[in-house]
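Thank you all for coming. I would like to walk through two pieces of local architecture, taking a pair of helices to begin with and then a sheet with its covering helix.

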Amino acid sequence: MWEISEIGRIYRQPLLALVEQAHETHVHHHPNAEVQLCHLLSIKTGGCPEDCAYCPQSARYSTDVEAGKLLANEEVLTAAQRAKEGGSTRFCMGAAWRQVKEGPEFDRVLDMVSGVASLGLEVCCTLGMITATQAQKLAAAGLTAYNHNLDTSPEFYGQIITTRTYEDRLQTLENVRSAGISVCCGGILGMGEGESDRIRLLATLANLNPPPESVPINALVPVAGTPLADRPALNAFEFVRAIATARILMPSTKVRLSAGRLGLSDEAQALCFYAGANSIFVGDRLLTTPNPDLDHDHELLATLGLNREPSHAPAAAVPIEQACAAALAQADRRGLRRELAPAAGGEDFCSNDYLGLATHPAVRAALAEAMAAGVPHGSTGARLVSGNQAQFSLLESEFAAWRGSESALFYSSGYAANVGVLTALIRAQDIAFSDALNHASLIDGLRLAGCRKVVVPHLDLNALETTFRRHPAMGDQRRFFVVESLFSMDGDRAPLADIVALCRRNGVSLIVDEAHATAIYPGVVVPDVVAATIHPCGKALGASGALVAASSVVCEYLVNHSRSFIYSTAPSPLLAAQLRAALRVARQKPELAERVRQLARKARGKLREHGLRALGAEDSPILPVIVGDDCTSLRVADAMRREGFEVRAIRSPTVPEGSARLRLTMHAWQSEAAVERLAAQFGRCLSEASQPA
Ligand code: SAM
Ligand code: DTB
Ligand code: SF4
């Protein structure tokens, strides 16, 4: 999640510093100096009912554009073939429609998409607003990307377009994303907006989750007859600033230097490429306005030593092993390749076994006893088929009693529980507000639920309240806030009492993932607000699986509707026996959790003495220390391992790029002396790893 203030700082730095930072990001993520050539074709020109103030195709303005019919399919395919021969690898078809209407014309567009795709080109369409079903049809026809621009900031938008809202646009983008089509979304500069509008536009784009794969940055082409005909030309350096900032905020995205290139000198374009633009529209026409000559563009790229993105080989030609090997090699170069490394046997400052229950003698003894008593080690099937063993019901009732909830339900993993609860309780027509740092399993659950997802800044209750107000429930729509109670990579705690009050005031149901907090902090049980709490058992309970605490009726509903529960073989009944024993220890020995919290306070204090700051709540057992760079974080982890400490580097995409960190965790069995040694050694390793080689 990018904060506006941070983006403002990036955007407003001295121009050359900004360009330098952007260039560095650019070469890191796009080392081949390639520029993609795209070809635009207006397949249905003019006569549009919308009032976009920049657009020569609006029927409301009298411009030189003549309204035409939808082009014939052959004409489109011929143009695509010619574009391919001219070196384009992407073909974008635009229609001057407010929105797509189902019918023969849309069916013809679907045929065009299939035809262009079969030429081996990426296919993009920009047809106005589309529904989820239309997006699915376009995806099935072979569409690569859909272009739908936000155009400007939410604040300035109303001065440019009044016939459709920003929200409408976001809805189309969501429909595109849900259909698995890649998102092309950008804006126009030079319409009279201020610097802060440009910053807010970039913020909105970068904070889409995930950000668009493609961001076209257009300079207004002022067209006679439109309300913006007399806008003064955009200063080229402002264009460069926007491109550079887009590159920094969205490192992997294609940043497209789009409309307005005729108004830029070759030198200004060169600066745009240097700052991270890696695509242009070629051909003598954009949709209706002129564009530089194709030969001139080829010469310009050659002069600058830039390569044309090569034409796409048919996908089947690359064996999957080769594709995987290439991706792994690239990850390796960036310090992002993961390996299943065995623990080196050093002192454990990385596991989530906070209370030591993974090896606790009382749990081990209970497990041996259960085995001896004949508790089966296999469940024999899903719970609704043959696998409903007595151990599960015992575990569920003991857990519910401990949590103070009416009922509980046992899942095979935390991932299965999060996905299973979210997809069962949240319908496609509902709204889910999701904390920006939520765990991948919550993100995946919301994606699968197919609901409208609104990402809210991390634990920002003011923003949450504003967001609730901006997205009221319509009709029988339900709204949910999904949040973790102790964030696994940041170590901070959600203020649950305040969140419950806020949700109650706004009629929003709460779903809390208590993965790291279970058995460390007291949880939240508020039946009228909290729909469910989810307790993955692989952390303080030292096992695996997950328990969902909820009312009896919700649990019964999950048994009937939660697909990851229904269609998974039940875990081993021995796991349930192990968890019952782990719960007993956690209940009977609250001093274990107290010890962990006390060590966490101690460790934070010691790290501070060595000039280091761990994120998170003072007594949180998770102490992340930000390093920033992925490779540096790996070097620190290696150095610590050599010194006999197990700590782990956490890199993107688990955490945002540029915020790689060492995640230290505390455990009940550890001594204060060990924590002191850790802090001292950590300070040394970190300063050594940060020295230039
Ligand atoms: N009707 C569809 C829509 O609005 O989504 C598709 C076509 S529309 C022409 C595509 C985009 O082109 C617009 O969103 C806008 O960003 C850009 N555009 C249109 N006229 C422009 C102009 N005069 N100067 C710069 N960009 C322009
Ligand atoms: C985008 O952002 N720019 C391109 C593409 N998406 C479709 C369109 C530019 C159109 C410029 C005005 C015209 O030629 O009509
Ligand atoms: Fe119509 Fe698109 Fe032009 Fe707006 S930008 S007037 S919707 S063609």
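Please keep in mind that what you see is a predicted model. Let me start with helix H1, residues 4-12, and helix H8, residues 195-206, whose axes come within 10 Å and cross at roughly 120°. An angle of 65 to 115 degrees would count as roughly perpendicular and one over 145 as roughly antiparallel, and H1 and H8 are therefore described as oblique to each other. The crossing of these two helices, H1 and H8, is right-handed.

Which residues in H1 and H8 meet? From H1 we have Ile4, Ile7, Gly8, Tyr11 and Arg12, and facing them from H8 are Glu195, Ser196, Arg198, Ile199, Arg200, Leu202 and Ala203. Sorted by class, the contact of H1 with H8 has 6 nonpolar residues, accompanied by 4 charged and 2 polar ones.

Now to the sheet, which is open, has 3 strands in the order S19-S22-S21, and is paired in the antiparallel sense. Strand S19 (622-628) and strand S21 (648-650) each have a single partner strand and stand at the edges, so one side of each is left without a neighbour in the sheet. On average, and with direction ignored, neighbouring strands of this sheet are turned by 30° against each other.

Looking at one pairing in detail, S19 and strand S22, residues 660-665, are joined antiparallel over 6 bridges, and within this pairing leucine 623 has leucine 664 in S22 as its bridge partner. Finally, helix H23, residues 630-642, lies across S19, S21 and S22, and runs at about 30° to S22.

Methods. Residues numbered from 1 in each chain as written. Chains lettered and ligands numbered in written order. Predicted model: local features only at pLDDT ≥ 70, side-chain atom pairs only at ≥ 80, totals over all residues. Heavy atoms only, no water. Pairing = 2+ DSSP bridges. Helix = DSSP H or I, 4+ residues; strand = E, 2+ residues; numbered from the N terminus. Axes fitted to C-alpha atoms, helices over the stretch in contact; angles between N-to-C directions. Contact = heavy atoms within 4.5 Å. Parallel < 35°, antiparallel > 145°, perpendicular 65-115°, else oblique. Left-handed = near helix turned anticlockwise from the far one by under 90°. Nonpolar A, V, L, I, M, F, W, Y, C, P; charged D, E, K, R; others polar.
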